[in-house]
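User: Please examine how the helices of this chain pack against one another. I should like each reply to set out its reasoning before it gives the result.

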Amino acid sequence: MLICKLTKLINEFRYIYKLHELHVASSNYIEAGFTLKLYADMLNWDNDTLTFLPHDNNGQPEWKRKEKLYQQIVTSFDKGKYWEGGVPLCKDLSNFYETKLYDYNKLSEVLMTESKFFQNILTQIRPEPEYFRVGFFGKGFPLFVRVGKLKMAINRKINENSSL
């Protein structure tokens with residue numbers, strides 16, 4: 001039973017890293033950051049247990065891996081110009097450096113990054129994000145993505161209301 005759970009976790013980590021690599025290759029840096037955040041949210045700052053990854057034979061304490069993931073996420077959010085998402089992560093890192101690790105050099109770096117994010121939020125011009133509703137109709141699509149009768153009725157009702 002334990003081996004099945006470990007195998008499932010290892011496969012999830014592989015999937016997370018593969019998805020991250022795909023997003024980076026497509027220059028979708030915000031999505032790449034959120035993908036790594038899925039993994040980072042499973043780790044604790046207080047835990048010293050060793051964690052292993054499929055491609056990594058060296059164990060690492062959870063807090064150290066979470067720190068590394070947060071730094072990668074902040075870098076991804078910076079590349080994607082999603083500074084609003086990077087600010088809370090910088091606050092978490094600064095709290096960790098100030099209260100648990102007592103590493104004031106890293107604390108100053110994180111605070112400078114956070115201040116740069118605030119400056120960018122105020123001064124940088126960014127395009128408004130666009131969102132699209134996508135529906136898959138017809139028997140040529142797999143069942144799990146196909147729009148059912150209920151969804152089609154809801155979409156018709158929404159379209160009727162939006163055309164008024």
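**Helix packing and the core**

Analyst: H3 passes H5 in a left-handed crossing, that is, with the near helix turned anticlockwise from the far one by less than a right angle, clockwise being right-handed. Helices here are DSSP runs (H or I, at least four residues), numbered from the N terminus. The model is predicted, with local features needing pLDDT of at least 70 and side-chain atom pairs pLDDT 80 or more, while totals for chains, interfaces and linings use all residues. Residues are numbered from 1 along each chain as its sequence is written, and side-chain values use heavy atoms, leaving out hydrogens and water.

User: Are H3 and H5 roughly parallel or roughly antiparallel?

Analyst: Axes are lines fitted to C-alpha atoms, for helices over the stretch in contact, with angles from 0 to 180 degrees between N-to-C directions. The axes of H3 and H5 come within 12 Å and cross at roughly 25°. Angles under 35 degrees count as roughly parallel, over 145 as roughly antiparallel, 65 to 115 as roughly perpendicular and the rest as oblique. The crossing angle therefore makes H3 and H5 roughly parallel.

User: How is H2 oriented relative to H3?

Analyst: The axes of H2 (residues 29–40) and H3 (residues 62–79) come within 8 Å and cross at roughly 165°. H2 is therefore, relative to H3, roughly antiparallel.

User: How many residues of the contact of H2 with H3 are nonpolar?

Analyst: Contact means heavy atoms within 4.5 Å. Among the residues that make this contact are Tyr29, Ile30 and Phe34 of H2, and Leu69, Tyr70 and Ile73 of H3. Ala, Val, Leu, Ile, Met, Phe, Trp, Tyr, Cys and Pro count as nonpolar, Asp, Glu, Lys and Arg as charged, and the others, Gly among them, as polar. The contact of H2 with H3 has three polar residues, four charged and, as the number sought, 10 nonpolar.

User: Which helix gives the most residues to the largest nonpolar core?

Analyst: A nonpolar core is a set of buried Ala, Val, Leu, Ile, Met, Phe, Trp, Tyr and Cys residues joined through side-chain atoms within 4.5 Å. Of its 24 residues, Tyr39, Leu69, Tyr70 and Ile73 touch the most other members. Helices H1 (2–25), H2, H3, H4 (83–101) and H5 (104–123) each give two or more residues. With seven residues, the one that gives the most is H4.

User: Is Ser94 buried or exposed?

Analyst: Ser94 lies in H4 and touches Leu107, Val110 and Leu111, not counting residues up to four places away in sequence. Buried means under 20% relative accessible area, exposed over 50%, and partly exposed in between (1.4 Å probe, protein chains only). Because its relative accessibility is 10%, Ser94 counts as buried.
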